[in-house]
Amino acid sequence: MPAPRFLQLSDVAEVLNISANQVYALVRRGDIPAVKIGGRGQWRVESTELEKYIERLYTETKQFIDTHPFGEEAETPEEANT
């Protein structure tokens, strides 16, 4: 059986290991594209959009690591206090 095309916010929350409220905030800010379906306005996230969001997070994290190296050349908290 193929994976569903659209996910409920609770499904997205489970994948990302965060709360449904956090997913709702990401959707409302436009971080994760979603659609509202039906008269009750139920939010759905396309599984491909979730994968794109995760890939963006990996890219952003790599950029952060590249610009904020953690290694021998970085100050340790003890050195910063001296």
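A crossing of two helices is left-handed if the near helix is turned anticlockwise from the far one by less than a right angle, and right-handed if clockwise. In the predicted model described here, helix α1 passes helix α3 in a right-handed crossing, and the two helices pack at an angle of about 35° with their axes 12 Å apart. At this crossing, Val12, Val15 and Leu16 in α1 meet Leu50, Tyr53 and Ile54 in α3.

Helix α3 comprises the 21 residues 47-67, which at 1.5 Å a residue should span 30 Å, and the distance of 31 Å between its end C-alpha atoms agrees with this expectation. The buried residues of α3, taken as those under 20% relative accessible area, are Glu49, Leu50, Tyr53 and Ile54. Because these residues cover an arc of only 140° around the axis, they lie on the same side of α3. The elements against which the buried residues of α3 pack are β1, α1 (residues 9-16), α2 (residues 20-29) and β3.

The strands are paired through β3, since antiparallel pairing over 3 bridges joins strand β1 (residues 6-8) to strand β3 (residues 42-46), and strand β2 (residues 35-37) also pairs with β3 in the antiparallel sense over 3 bridges. In the pairing of β1 with β3, phenylalanine 6 stands opposite glutamate 46, whereas lysine 36 has tryptophan 43 in β3 as its bridge partner. The hairpin formed by β2 and β3 has 4 residues between the strands, and within this hairpin glycine 38 takes a positive phi near 80°.

Terms used:
Residues numbered from 1 in each chain as written. Predicted model: local features only at pLDDT ≥ 70, side-chain atom pairs only at ≥ 80, totals over all residues. Heavy atoms only, no water. Pairing = 2+ DSSP bridges. Expected span 1.5 Å × (residues − 1). Buried < 20%, exposed > 50% of the residue type's maximum accessible area, 1.4 Å probe, protein only. Arc of directions from axis to C-beta. Contact = heavy atoms within 4.5 Å. Axes fitted to C-alpha atoms, helices over the stretch in contact; angles between N-to-C directions.
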